[in-house]
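Work through the exercises below with the structure open beside the text. Try each task before reading its solution.

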Amino acid sequence: MSDATLGRAPAAARAFRPATQETPWVRWTLIVIAVAGLGILVAAPLIVVFAEALGEGWAAVIESLGHRDARSAIRLTLTIAAIAVPLNAVFGIAAAWLITKFDFRGKAFLITLIDLPFSVSPVVAGLCIVLMFGANSFAGGWLVANGMPIVFAVPGIVLATLFVTFPFVARELIPVMIEQGRAEEEAALTLGASGWRVFRTVTLPNIRWALLYGVLLSNARAMGEFGAVAVVSGKIRGQTATMPITIEMLYNEYLSVAAFGMAALLTLLALVTLLLKAGLEIRHADQLAAFRRL
Amino acid sequence: MGKPLIHRSPMPGFGLSAGITLTMLSIIVLLPIGALLAKGAGFGIGNIWETVNRERVWAALFLSFRLSLFAALFNLVFGVVLAWVLVRYRFPGRRIIDAAVDLPFALPTAVAGIALTALYAPNGAFGSLFKELGVRIAYTQWGILIALIFVGLPFVTRTVQPVVEEIEREVEEASATLGASRAYTLRHVVLPMLAPAALTGFALALARAVGEYGSVIFIAGNRPLQTEIAPLLIVIQLEEFNYEAAAAIGIAMLLISFALLLVINLIQVWSRRRIGYV
């Protein structure tokens, strides 16, 4: 029994239980509740995705993923992520640099503004983008007249994706960079290094794992975003239907295997993300934000 | 004026980093939110109130808020148990369970939506069991509740876990030496230490659930007055190109979110004063 505890009890005294432990009965009840709860809430939906996708065999699911619209959805989702995630990383680095390397008034307010998208419903986020850049708004009208429609087109989806993933990288970098302080950069500057050189050779190596962590999370969200994208995309098959939007369209057409086939692809992405995330947490815990959110 | 606007700093790149940060913040977040508020202002407070003050809208707002509250309460209790089990106990598969807690964050909401629907539909694996008992889950408020529990699952666990890790055993030992039973120690010594983090996680889960869309609409059935959530109303108004009404409901939801955010911050200020850390 002692290997199931934190192992303070001497092996000889079988009946002895440290005062800071629950009785085995309580302990195992709680473990069973935790495992069963996660099994029902998390593992069961996961299994269902793959079971439904493979319900008519491998051939059916591979054929549905090879369909023209499915291929276009996969390409679109990859494109959106390829644009949104690097932009997000650039913003995250800039914001973290600004906040951790300088002292200025209104810093707390700026951090609140950066966190704002976390507390806005994705649908409201999409609505904001539509009202700002839609064809009958001031900015949108001008852009449409000049042949650059934003809403119901790819740029709108990118903007909506950027909105919902906005804080991810910055929030991961800020605590890490606060902890590391400014001394190393200041030393490099006194030795005559240029600003870029300091960033590339001193700051970046210190924050690379935290940066990767933030990029990983924002990529998962960017590829999977549904609510905000559903509002701005217009759901044009083959043009503005991302993978999650395509899942909805296929599901509503009762094309179960195709819908779950695409869902299985996104589930694999989620599992890979979790695996890499767990790997980073185990190997580079000291270089990640101590507070494990998201 | 006491503090200068910007302290002089030897660090390079103030202009560049401030430029990138403020430009992107403005284009992506602030101007669009401003456009929503401007639309509302143009529509007028009286018209906004008239749009929101309809039975169907109240029903949707009340439903979203009520079920989000129940889901967050479930996650509060389950999340604390989970955090405790993951930090304090060693059992086979603990690492997998620990990683699995984050799945609702990583899994796209549309995938969660159709998976939960397939599971809890009357012909699904769990749905058929409940059907035997005469309970329908999918396409009822129960279905919405399950989807909201799913999306809010990681918040409480992830906020409480680091706090459990930092509890000093000596405190619990002191309590035991003074004659407290284990249950008494947990109730009066350990739980108060976990409370602020647990409440923060609770509020985060609540805020997330109120705005949730993707995982809910598949399982909800979406019948007006019964299983129609507030974000869906916005989508419906937009599909009818009724931008004013969509903006009105959007502003109402934004106000609810900000109120929740304020509560989160108050909890943190309050607990920092009381306990010394969050």
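**Exercise 1. A residue in a loop**

Task: Decide whether B:Phe241 is buried or exposed, and say what is particular about its phi.

Solution. Step 1: count neighbours. B:Phe241 has 9 C-beta neighbours inside 10 Å. Step 2: compare with the cut-off. A residue counts as exposed if 12 or fewer other C-beta atoms lie within 10 Å of its own, so B:Phe241 is exposed. Step 3: place the residue. B:Phe241 sits in the loop between H12 and helix H13 (243-275) of chain B. Step 4: read the backbone angle. Phi of B:Phe241 is near 55°, which is a positive value in a residue other than glycine. Most residues other than glycine have a negative phi.

Keep in mind for every exercise that this is a predicted model.

**Exercise 2. A second positive phi**

Task: Find where B:Tyr139 lies and decide whether B:Tyr139 is buried or exposed.

Solution. Step 1: locate the residue. B:Tyr139 belongs to the loop between helix H7 (125-132) and helix H8 (141-166) of chain B. Step 2: read phi. The value for B:Tyr139 is near 65°, again positive in a residue other than glycine. Step 3: count neighbours. Within 10 Å of B:Tyr139 there are 21 other C-beta atoms, so B:Tyr139 is buried; the cut-off for this class is 20 or more.

**Exercise 3. The surroundings of a helix residue**

Task: Describe the surroundings of B:Ala230 and state which residues it touches.

Solution. Step 1: name the element. B:Ala230 is part of helix H12 (residues 230-239) of chain B. Step 2: test burial. B:Ala230 counts as buried because it has 28 C-beta neighbours inside 10 Å. Step 3: list the contacts. Leaving out residues up to four places away in sequence, B:Ala230 touches B:Ala60, B:Leu61, B:Ser64, B:Ile249 and B:Met253. Step 4: take one pair from the list. B:Ala230 and B:Ile249 are 19 residues apart along the chain, and their C-alpha atoms are separated by 7.9 Å.

**Exercise 4. The two chains**

Task: How many helices and strands does each chain have, and what are the dimensions of its C-alpha trace?

Solution. Step 1: count the elements. Chain A has 13 helices and zero strands. Chain B also comes to 13 helices and zero strands. Step 2: take the dimensions along the principal axes. The C-alpha atoms of chain A fill a box of roughly 80 × 65 × 30 Å, and the C-alpha trace of chain B spans about 70 × 65 × 35 Å. Step 3: check chain A against a compact globule. A compact globule of 294 residues would have a radius of gyration near 19 Å, whereas chain A has 24 Å. Step 4: look at burial. In chain A, 46% of the 294 residues count as buried; in chain B, 46% of the 278 residues do.

**Exercise 5. Domains and the core**

Task: Why can the largest nonpolar core be said to lie between the two domains of chain A?

Solution. Step 1: note the domains. Chain A is assigned domain 1 (1-53) and domain 2 (57-287). Their C-alpha centres lie 36 Å apart. The contact between them takes five residues from domain 1 of chain A and eight residues from domain 2 of chain A. Step 2: look at the core. The largest nonpolar core has 178 residues, and A:Leu127, A:Ile129, A:Phe163, A:Leu173, A:Ala263 and B:Ile114 touch the most other members. Helix H3 (residues 68-101) of chain A gives the most to this core, with 17 residues. Step 3: conclude. Both domains of chain A give residues to this core, so it lies between them.

**Exercise 6. The contact between chains**

Task: Which helix of chain A gives the most to the side that touches chain B?

Solution. Step 1: count both sides. The contact takes 84 residues from chain A and 81 residues from chain B. Step 2: find the helix. Helix H1 (residues 24-53) of chain A gives the most to the side of chain A, with 17 residues. Step 3: sort by type. The side of chain A divides into 60 nonpolar, 10 polar and 14 charged residues. Step 4: follow one residue across. The contacts of B:Ile114 include A:Ile247, A:Tyr251 and A:Ala263.

**Exercise 7. Confidence**

Task: Where in chain B is confidence lowest, and where is it highest?

Solution. Step 1: start from the averages. Chain A averages a pLDDT of 89, and chain B averages 90. Step 2: compare elements. In chain B, H13(B) has the lowest confidence, at a mean of 83, and helix H6 (residues 109-120) of chain B has the highest, at 96. Step 3: add the scores of the model, which are ipTM 0.90 and pTM 0.90.

Terms used:
Residues are numbered from 1 along each chain as its sequence is written. Chains are lettered from A and ligands numbered from 1 in the order in which they are written. This is a predicted model: local features need pLDDT of at least 70, side-chain atom pairs count only at pLDDT 80 or more; totals for chains, interfaces and linings use all residues. Domain bounds come from an automatic or database domain assignment. Two residues are in contact if their C-beta atoms, placed from the backbone, lie within 7 Å. pLDDT is the predictor's confidence in each residue, from 0 to 100. Helices (H or I, at least four residues) and strands (E, at least two) are DSSP runs, numbered from the N terminus. Ala, Val, Leu, Ile, Met, Phe, Trp, Tyr, Cys and Pro count as nonpolar, Asp, Glu, Lys and Arg as charged, and the others, Gly among them, as polar. A nonpolar core is a set of buried Ala, Val, Leu, Ile, Met, Phe, Trp, Tyr and Cys residues joined through C-beta atoms within 7 Å. The radius of gyration is taken over C-alpha atoms; the globule rule is 2.2 Å times the number of residues to the power 0.38.
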